[in-house]
Amino acid sequence: MSGYEDVHRHSIERPEEFWAQAARAVDWEAAPETVLREGRWFPDGRLNTCHNALDRHVAAGHGDRTALIYDSPVTGTIRAFTYAELLDQVARTAGMLRDLGVRTGDTVVIYMPMVPEAVVAMLACARIGAVHSVVFGGFAAAELAVRIDHARPVVVLSASCGIEPSRLVEYKPLLDAALEQAAHRPAHCVILQRPQHPAPLVEGRDLDWEPAVRAAAPAGCVAVAATDPLYVLYTSGTTGAPKGVVRDNGGHAVALQWSMSHVYGAAPGEVFWAASDVGWVVGHSYIVYGPLLAGCTTVLYEGKPVGTPDPGSFWRVVAMHGVRTLFAAPTAIRAIKKEDPSGAFAKKWDLSSLRHLFLAGERLDPDTYRWATELLGVPVIDHWWQTETGWPVAANCVGLGALPIKPGSPTKPVPGYDVHILDPDGADCPPGVEGAVTIRLPLPPGTLTTLYRDDARFTASYLSRYPGHYLTGDGGHLDDDGYLYVMGRIDDVINVAGHRLSTGQMEEVIAAHPDVAECAVIGVADELKGELPVGFVVLKAGAGRDPAEIERELTAMVRERIGPVAAFRRAVVVGRLPKTRSGKILRATMRDIAAGRDYRTPSTIEDPAALEEIAEAL
Ligand code: COA
Ligand code: AMP
């Protein structure tokens, strides 16, 4: 069977047959006899994900192939690891975790910058069947504390510092502060001492990474049930409490391996570079697991698209390492375009290895699409997915034969995904009509199985709005040719520079300010970052405060509580918030105003002048 349409139809009409076939590309200790039971894939299969990512390639004679290239302009380092070398590091690190008491099924929190040890740490957990939870470095100590308390790790793996272009980020004091705030106490923290800024260690609790790994005996792979969790990755929901997306081992390995060749058209031995961070889902799926499962060479880039040192750094990496597939966020391309509109830096490098540029994380605006296409002369492919799905829901699957590109659309649903646009009553919207983007159950392998320690929230957030369907939280429509257009979130989640954040969580932080009576945070369009959060605050009667001072204080609070990545810098003091007569803040209407969309003043509004005040402030 070939061609996108046939393959997609097969996957929807006969999913069990389709995925049983795909599962053959993975090594199993016990091959699954049952493909799907009650929404869980391969329930009687047993395997080890690390074995599939490393050991089997070495056993097949590819030990000398490059598995990982660490390219770090911020430290001036380029270092390659073969599959055999990476396996050795991973096995020793797994041995160290064992020695520290980590058992199969235990959790390990990883709070690390973009260094090879972060990848090693994830694979080491997978090797012994421990569940990793990686926390992005741009979050504040309080956010790390929330995740530590929820995940209850036996061990935390971290580093002394991260390196941002403008400053050194001291991870260790952030970790210490988080552990002071958290109720849970991990038995140990293992700290990678980076020469740029080694950190003092806490006697008895902290270990120095390098000697601890050197002293450990290598550990072998432990086969686990396909349905056992591989990792938990926290993502922003609509409230302050993050959602712990749970990924299983079997479905994940099968789906990612399938996606590498069919969605991305990548073959073993090719260089695949996802310019993201291991703290995000893109990093999990397409820096670490996908490329290694497929036997590719993955690039781990510790730098930015601009300023490390110039807007040519992406093109340097492509040229130096022979990158064939590049995956980035539209915001990164916009940052490059802003500093190098004529593409002069790209012309300095030989980009002939590059076949495709894939973009995701936010909507790819047609201007950026056109600029990148003209500059690179290769297909620029928008694809849409989310932390929950773990791999693309809609894409132009180049491995199945590329379809014509329509700017503004991530093309069509990927095989495995039965996408429906539903109206508020649950009926399918006709082409061209906007509705809620949903996926008819069952979700394909590799998608979330539940929310960690919160099955009830999993059902409430995703499955109860439209029975039989998974609610993505995005709005959009299909066109007459079945192309999907994803227009943005229909909830309180925003996307700032490709980072997913919760406005509800920011509101919780702002509401804690002693002079704030009430507030609403919405995402406002930004040329570079896609969206930026803006807070509207009503002060308590008699507060008598200077609005500029309030803005400074709120900015500091959000940075301190959520982290610099929130990029919260604007808080506007208003007389009142637009509300319905029953007191509900009209966030959706505020979002429409901010996005410059036509909006209707709701008939239930308490005071229409409040909306005008928001429009003026924007
Ligand atoms: N550790 C610590 N701090 C971090 C961090 C990390 N891993 N990542 C970001 N931060 C900090 C930054 O230093 C910055 O702090 P500042 O306010 O002191 O300057 C803040 O968080 C915001 O960072 P960032 O979002 O990177 O914005 P920027 O203005 O520094 O750079 C871009 C803008 C567009 C270049 C950058 O956002 C980018 O490369 N985005 C791509 C994102 C991406 O790949 N997302 C994954 C989806 S595919
Ligand atoms: P995250 O979970 O961080 O990957 O964020 C997922 C959200 O990012 C989605 O629900 C969308 O709102 C948005 N998103 C990701 N990719 C795209 C895309 N290609 N087009 C439009 N929105 C996207």
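Where is the place of T411? T411 sits in the loop between strands β21 (394-395) and β22 (412-413). Its phi is near 70 degrees, a positive value in a residue other than glycine. Most residues other than glycine have a negative phi, and most peptide bonds are trans.

Before we go on, a word on what you are looking at. This is a predicted model, in which local features need pLDDT of at least 70, side-chain atom pairs count only at pLDDT 80 or more, and totals for chains, interfaces and linings use all residues. Residues are numbered from 1 along each chain as its sequence is written, chains are lettered from A and ligands numbered from 1 in the order in which they are written, and side-chain values use heavy atoms, with hydrogens and water left out. Helices (H or I, at least four residues) and strands (E, at least two) are DSSP runs, numbered from the N terminus.

## Two cis prolines

The loops hold further features of the backbone. The peptide bond from T308 to P309 is cis, with omega near 0 degrees. P309 belongs to the loop between β17 (297-301) and α11 (313-321). Another cis peptide bond joins L441 and P442, with omega about 5 degrees. P442 is in the loop between β24 and β25 (450-451).

## Ligand 1

Now to the first of the ligands. Ligand 1 is surrounded by 24 residues, where a residue counts as near if one of its heavy atoms lies within 4 Å of the molecule. The closest are E164, R167, K304, R559 and R569. By class, this shell has 11 nonpolar, six polar and seven charged residues. In this scheme Ala, Val, Leu, Ile, Met, Phe, Trp, Tyr, Cys and Pro are nonpolar, Asp, Glu, Lys and Arg are charged, and the others, Gly among them, are polar.

Domain 1 (3-303 + 383-437) and domain 2 (493-617) both give residues to the shell, so ligand 1 lies between them. The domain bounds come from an automatic or database domain assignment.

## Ligand 2

Around ligand 2 there are 15 residues, and the closest are D382, T387, D474, R489 and R500. Its shell divides into four nonpolar, five polar and six charged residues.

The table gives polar contacts of both ligands (a polar contact is a pair of N or O atoms within 3.5 Å; within protein, one must be able to donate a hydrogen and the other to accept it, and residues adjacent in sequence count only if both atoms are side-chain atoms).

| Ligand atom | Protein partner | Distance |
|---|---|---|
| Ligand 1, nitrogen | G137, backbone N or O | 3.3 Å |
| Ligand 1, oxygen | E164, side-chain N or O | 2.7 Å |
| Ligand 1, oxygen | R167, side-chain N or O | 2.9 Å |
| Ligand 2, nitrogen | G361, polar backbone atom | 3.0 Å |
| Ligand 2, nitrogen | H383, backbone N or O | 2.8 Å |
| Ligand 2, oxygen | T387, side-chain N or O | 2.5 Å |

How much of each ligand is covered? Taken alone, ligand 1 exposes 940 Å², and the protein buries 84% of that. Ligand 2 has 500 Å² of accessible area on its own, and the protein covers 94% of it. These areas come from the Shrake-Rupley method with a 1.4 Å probe; for residues, only the protein chains shown count as cover.

## A sheet of seven strands

Next come the sheets, in which two strands pair if DSSP finds at least two bridges between them. An open sheet of seven strands has the order β5-β4-β17-β16-β18-β19-β20, with mixed pairing. The edges are β5 (77-82) and β20 (380-382), each with a single partner strand, so one side of each is left without a neighbour in the sheet. Within the sheet, β18 (residues 323-328) and β19 (residues 356-359) pair in the parallel sense over four bridges. L326 stands opposite L357 in β19.

## A sheet of four strands

An open sheet of four strands runs in the order β23-β24-β26-β27, with antiparallel pairing. Here β23 (419-422) and β27 (484-489) stand at the edges with a single partner strand each, so one side of each has no neighbour in the sheet. β24 (residues 435-440) and β26 (residues 469-478) are joined by five bridges in the antiparallel sense, and R440 stands opposite H469 in β26.

β26 also pairs with β27, running antiparallel over five bridges, and G476 stands opposite V486 in β27. These two strands form a hairpin with five residues between them, and G482 in the turn has a positive phi of about 80 degrees.
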